Amino acid sequence: MLSFDPFELNHPVQQFINGLALGSIYALIALGYTMVYGVLRFINFAHADVLMLGAYAAAFVAPVLAGFLGGPSLLLLFATVLVAAVVCAGIGMLIEALAYRPLRARPKLTVLITAIGVSLFIEFTAQHPAVFGAKTRPFPQLLPAGNLEFAGATLSRVDLLIPVVTVLLLAGLWVLVQRTRMGMAMRAVSFNQNAASLMGVNNNRIISFTFGLGSALAAVAGVLYSVRSSGIDPLMGIRPGLIAFSAAVVGGIGDLGGAVLGGLLLGMLETYAGGVEGLSNYRDAISFGMLVVILLFRPAGLLGRAQVEKV
Amino acid sequence: MKRFFLPIASLAVVLLASCKPGGDSNVIVVGEFASLTGKEATFGTSSHEGTLLAVEKINEAGGVLGKQVKLLTEDNQSKAGESSTVVDKLISRDHAVAILGEVASSRSLEAAPICQQSKVPMISPSSTNPKVTQTGDYVFRVCFIDPFQGTVMANFALGTLKAKRVAVLTDVKSDYSKGLAQFFEAGFVKGGGEIVSRLDFNGGDKDFKAQLTAIKGANPDAVFVPGYYTEVALIAVQARQLDMQAPLFGGDGWESEDLLKLGKEAVEGYYFSTHYSPEAGSPLGAKFVEDYRKRWGGKSPDAMAALGYDSAMLLVDAIKRAGTVEGAKVRDALAATKDLEGVTGKTTINAQRDATKAAVVIQVKGGKFKYLETVKP
């Protein structure tokens with residue numbers, strides 16, 4: 001009973017923008033997973049919770065900033081995003097220093113399990129009534145209400161803004177990684193930690209910086225995600241985190257372009273599936289099914305290069 | 001050997017201590033499980049406040065069978081899996097003679113088999129999915145069920161909203177939502193309406209734009225959202241972001257202050273059916289509103305509070321008639337309840353152990369819940 005015409009039912013332009021916006025958010029989160037994997041070869045499961053903390057930081061700071069900057073505006077959004085990114089960069093570096101650095105010499109599995117522990121610790125601490133509480137809270141309005149009409153579709157401002165922000169951040173990230181000394185050091189650490197440190201690279205500083213950068217991107221994603229949905233809760237990061245992790249793997253983990261490609265792909269898929277009767281229930285199955293299929297045919301992901309693992 | 005002695009000895013002491021029979025015999029222990037924290041916290045809290053008020057009133061009036069009633073409350077954090085644990089604890093450790101709870105059907109369904117197995121009567125204050133009381137003959141409820149609520153909203157959509165084409169957006173994670181959607185669709189189609197779009201979401205989702213865009217494309221006259229208030233509020237906000245003109249309407253899962261806090265002006269003008277409104281007016285109702293405000297710092301009771309109150313009253317009435325707290329006798333007395341006057345109207349328990357009673361329709365107006373109409377069964 002899947003007789004549907006996607007162009008009739010789905011309002012193509014509107015659904016495309018929805019998918020682009022959601023996919024861009026997944027891409028921003030996936031970048032964090034992939035960067036940390038690049039330098040440390042493990043999945044930072046606490047990444048999704050940093051996103052949540054970013055959203056909460058924004059929810060607390062936005063009313064204060066609104067007092068200085070007036071009502072909802074683009075400026076307020078950027079100021080809030082900036083504060084949330086700085087806060088989360090700090091949190092990310094703190095997590096790395098406290099939880100992962102002491103385990104640097106241990107097997108990767110130890111670090112992986114620790115990451116799950118950190119994730120649960122943050123989630124359940126945040127759910128405590130004395131911290132944030134488990135209840136969903138309203139997210140303050142950062143952008144003025146109002147929509148743009150285009151080709152018969154209604155596009156909310158934030159949905160148009162999200163892809164633009166993502167492209168800008170991606171461009172900035174590319175410049176950082178490819179054109180700066182810090183980026184060169186990051187690539188060196190990613191390539192071979194021992195060799196990098198022999199060449200005078202301070203590994204700990206680079207790894208800490210990578211965590212900070214990834215966490216800042218998660219905060220940006222968290223704020224944009226919350227502006228779209230208008231409600232936040234302590235477990236809000238789990239679902240986008242899982243999808244973004246899949247996106248990073250689909251695109252080829254360790255590859256920045258791959259993370260963005262995977263994020264956009266899964267965001268689009270999810271949006272189109274969500275709008276089709278009978279399929280909307282299987283959105284997640286489609287995303288994770290995609291992960292399985294791609295891993296079967298391209299184990300290194302879409303843009304990843306297969307590497308021989310030396311054991 | 002010696003180092004094993006201390007842990008084993010202390011374990012034995014703990015086990016012995018926990019085996020002692022249900023405290024002193026001058027109290028009747030009633031267990032309650034509720035979602036005091038988490039996603040549906042306002043439901044659990046309202047329901048608990050109503051239940052506690054009823055127990056306090058009963059004790060003020062001298063208790064039941066010459067004993068005071070002690071209400072033990074456990075929080076399930078609105079999480080799946082927690083209810084069975086806490087209800088098990090209430091029955092096996094605290095020896096509760098009856099269990100009161102829950103609002104959400106999914107969680108009542110977790111606890112019901114345990115109560116049935118232990119032959120402890122359970123009364124759900126406000127779970128409306130028919131499956132809850134089908135679990136067994138020890139499970140009761142004081143509210144109407146979804147086939148009735150679904151029909152009420154189908155007639156409301158056809159009659160008051162004059163809607164011919166309706167889209168349905170269901171929470172597939174919730175038994176309540178799926179059941180209500182199904183009964184609404186049946187009633188609406190029977191009345192000559194057309195369902196133009198059926199889409200799903202998962203409880204806990206934050207992004208509904210894909211579904212809402214498709215619904216908007218189907219151009220319905222109204223959208224039926226039989227979900228709980230957290231998601232409903234986010235859905236309403238995102239529907240406004242997409243400039244959707246069709247009004248949203250739903251069931252008793254909407255009734256929470258948090259719907260207004262999260263949804264703000266986005267939920268304005270929308271409708272839902274529920275069990276009770278302080279404005280609907282009944283003799284016991286007026287007294288209840290006054291008592292509730294006094295007890296809980298001026299807060300107005302909602303349907304969950306009123307049903308929580310009535311659930312405790314129903315239980316005590318049955319214990320009184322049974323003359324004992326023995327499970328089987330209380331069960332028989334509960335099943336025989338007829339025209340028990342409560343704050344949500346007269347309760348009669350039918351053969352399916354459900355209450356037959358009227359529903360009210362409420363509209364969000366000026367940031368408040370306004371009583372619109374009463375629908376009799």
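**Entry 1. Two rings in chain A**

I looked up A:Tyr56 and A:Phe132, and both are buried. I note here that the model is predicted. How far apart are the ring centres of A:Tyr56 and A:Phe132, and at what angle are the planes? The centres are 4.0 Å apart and the planes stand at 5°, so I call the pair stacked. Planes under 30 degrees apart count as stacked.

Next I checked where the two residues sit. A:Tyr56 is in helix α3 of chain A, residues 47–69. A:Phe132 is in the loop between α5 (108–127) and β1 (137–138) of chain A. The two parts are 76 residues apart in sequence, so the ring pair ties them together.

**Entry 2. Rings in chain B**

I then turned to B:Phe43 and B:Tyr229. Their ring centres are 4.8 Å apart and their planes are at 85°, so this pair is edge-to-face. The cut-off for that is over 60 degrees. B:Phe43 belongs to helix α2 of chain B and B:Tyr229 to helix α9 of chain B, so the pair links parts 186 residues apart in sequence. I found both B:Phe43 and B:Tyr229 buried.

Which residues join B:Phe43 and B:Tyr229 in a cluster of ring pairs? They are B:Tyr176 and B:Tyr228. Over all chains I get 22 aromatic pairs.

I also looked at a charge over a ring. The charged end of B:Arg295 sits over the ring of B:Trp296, 4.2 Å from the ring centre.

**Entry 3. The five-strand sheet of chain B**

In what order do the five strands of the open sheet stand? I read β2-β1-β3-β4-β5 in chain B, with parallel pairing. At the edges are β2 (68–75) and β5 (139–141) of chain B. Each has a single partner strand, so one side of each has no neighbour in the sheet. Neighbouring strands are turned by 25° against each other on average, direction ignored.

I followed one pairing in detail. Strand β1 of chain B, residues 27–34, pairs with β2(B) over eight bridges, in the parallel sense. B:Val30 stands opposite B:Leu71 in β2(B).

A helix crosses this sheet. Helix α4 of chain B, residues 105–118, lies across β1, β3 (98–100), β4 (122–124) and β5 of chain B. It runs at about 165° to β4(B).

**Entry 4. Unusual backbone spots**

Most residues other than glycine have a negative phi, and most peptide bonds are trans. I searched for departures from that.

Where is there a cis peptide bond? One joins B:Gly101 and B:Glu102, with omega about 0°. B:Glu102 is in the loop between β3 and α4 of chain B.

B:Leu65 has a positive phi, near 55°. It lies in the loop between α2 (41–60) and β2 of chain B. Its relative accessibility is 38%, so B:Leu65 counts as partly exposed.

B:Asp243 also has a positive phi, near 65°. I located B:Asp243 in the loop between α9 (229–241) and β9 (248–250) of chain B. B:Asp243 is partly exposed, at 32% relative accessible area.

**Entry 5. The seven-strand sheet of chain B**

I traced an open sheet of seven strands, in the order β7-β6-β8-β9-β10-β13-β14 of chain B. Its pairing is mixed. β7 (194–201) and β14 of chain B are the edge strands, each with a single partner, so one side of each is without a neighbour in the sheet. Neighbouring strands here are turned by 25° on average, direction ignored.

Strand β6 of chain B, residues 165–171, pairs with β7(B) in the parallel sense over seven bridges. B:Val168 has B:Arg198 in β7(B) as its bridge partner.

Two helices lie across strands of this sheet. α7(B) lies across β6, β7, β8 and β9 of chain B, at about 165° to β6(B). Helix α8 of chain B, residues 209–218, lies across β6, β7 and β8 of chain B, at about 175° to β7(B).

**Entry 6. Helix α6 of chain B**

I checked the span of α6(B), residues 146–159. At 1.5 Å a residue, its 14 residues should span 20 Å, and the end C-alpha atoms are 19 Å apart, which agrees.

How many residues of α6(B) are buried? I count 10 of the 14, so the helix is largely enclosed by the rest of the structure. Among them are B:Phe148, B:Met153 and B:Phe156. What covers the buried residues includes α7 (175–190), β8 (222–224), β10 (271–274) and β13 (359–365) of chain B.

Conventions
Residues numbered from 1 in each chain as written. Chains lettered and ligands numbered in written order. Predicted model: local features only at pLDDT ≥ 70, side-chain atom pairs only at ≥ 80, totals over all residues. Heavy atoms only, no water. Pairing = 2+ DSSP bridges. Helix = DSSP H or I, 4+ residues; strand = E, 2+ residues; numbered from the N terminus. Axes fitted to C-alpha atoms, helices over the stretch in contact; angles between N-to-C directions. Contact = heavy atoms within 4.5 Å. Buried < 20%, exposed > 50% of the residue type's maximum accessible area, 1.4 Å probe, protein only. Phe/Tyr/Trp six-rings, centres within 6.5 Å; stacked < 30°, edge-to-face > 60°. Lys NZ or Arg CZ within 6 Å of the ring centre and 35° of its normal. Expected span 1.5 Å × (residues − 1).
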